[in-house]
Amino acid sequence: MRKIIVGAQVSIDGVMQAPGGPAEDPTKGFAFGGWSMPYFDQVFGEEIDRLFNEKFDLLLGRKTYEIFAAYWPFQDENAPHGGITKLFNAIQKYVVSRSGEVDVSWQGSVLLRDVADVKRLRQEDGPNLVTQGSTELVHTLLANDLVDALSLYTVPIVLGRGKKLFADGSVPHAYKLTRSRASP
């Protein structure tokens, strides 16, 4: 059985929307895109690398998948930080879309239609399934008690609004802290 690991950058008030850039997810007028980038340092990078050092497949919601598919296949794998590009282009990518209206032409992409498909995938042998972004999918996974672990990068900023990691409807679940690290 695979584990589902939610990988997320969150503000201290729980927002996970658009950490990487202004145009990443402006849904509902969210104007703070890129909020985590001023805090991205060596320690932050090492911790993200730690998540990606174990064999994994990506499990993404449709919107995040479309953002990734429009970016990663077109990056230079030989650039100084091309390792993540090479990794994301090589691994299996599962995209969950209720409508099925998504272009899965990015190499290694597979369409899943609903939480039942995710449950079946989780029961198979294979590497861990790691989410990135994908707020709606994460909410569905939490509501169905399918999240085995959280790998959170908490940034010392309050945003006041935006898509939150935890929403009403998450199944109560206790997690065990297995590691923490503070960045200067």
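**Exercise 1. Classify the two partners of a salt bridge in helix 2 by their accessibility, and describe how they are placed in the helix.**

Solution. Glu66 has a relative accessible area of 35%, so it is partly exposed in this predicted model. Its partner Arg62, at 28% relative accessibility, likewise counts as partly exposed, since that class covers the range between the buried limit of 20% and the exposed limit of 50%. The side chains of Glu66 and Arg62 meet in a salt bridge with an N to O distance of 3.0 Å. Both residues belong to helix 2 (residues 62–71), where they are four residues apart, about one turn of the helix.

**Exercise 2. Determine which residue forms a salt bridge with Arg50, and place that pair within the network of salt bridges and the second largest pocket.**

Solution. Arg50 forms a salt bridge with Glu47, and the closest N and O atoms are 3.5 Å apart. The two residues are three apart in helix 1, and therefore separated by about one helical turn. Arg50 is partly exposed, with a relative accessible area of 43%, whereas Glu47 is buried at 12%. Both take part in a network of salt bridges that also links Glu46, Arg179 and Arg181.

Turning to the pocket, its space amounts to about 1100 Å³. Among the 34 lining residues, those closest to its centre are Glu47, Leu150, Ser151, Leu152 and Arg179. Helix 1 (42–53), strand 5 (128–132) and strand 6 (149–155) are the elements that give two or more residues to this lining, and strand 6 supplies the largest share, seven residues. By residue class, the lining of the second largest pocket divides into 18 nonpolar, six polar and 10 charged residues.

**Exercise 3. Compare the surroundings of Lys93 with those of Asp57: which contacts does each side chain make?**

Solution. Lys93, found in strand 3 (residues 93–96), is buried yet has no salt bridge, and the nearest side chain of opposite charge, that of Asp57, is 8.3 Å away. The side chain of Lys93 instead reaches the backbone oxygen of Asn89 at 3.4 Å, and a polar atom of this side chain lies 2.8 Å from the backbone oxygen of Gln107.

The side chain of Asp57, for its part, meets that of Arg2 in a salt bridge of 2.9 Å, N to O. Asp57 lies in strand 2 (residues 56–61) and Arg2 in the segment before strand 1 (4–11), so the pair ties together parts that are 55 residues apart in sequence. Both Asp57 and Arg2 are buried.

Note on methods. Residues numbered from 1 in each chain as written. Predicted model: local features only at pLDDT ≥ 70, side-chain atom pairs only at ≥ 80, totals over all residues. Heavy atoms only, no water. 1 Å grid on protein atoms, 1.4 Å probe; cavity = no way out; pocket = protein on both sides within 12 Å on 5 of 7 lines; lining within 4 Å. Points joined across faces, edges and corners; volume = space filled by probe spheres on them. Nonpolar A, V, L, I, M, F, W, Y, C, P; charged D, E, K, R; others polar. Buried < 20%, exposed > 50% of the residue type's maximum accessible area, 1.4 Å probe, protein only. Lys, Arg positive; Asp, Glu negative; His and termini not counted. Salt bridge = Lys/Arg side-chain N within 4 Å of Asp/Glu carboxyl O. Polar contact = N/O pair within 3.5 Å; in protein donor to acceptor, adjacent residues only side chain to side chain.
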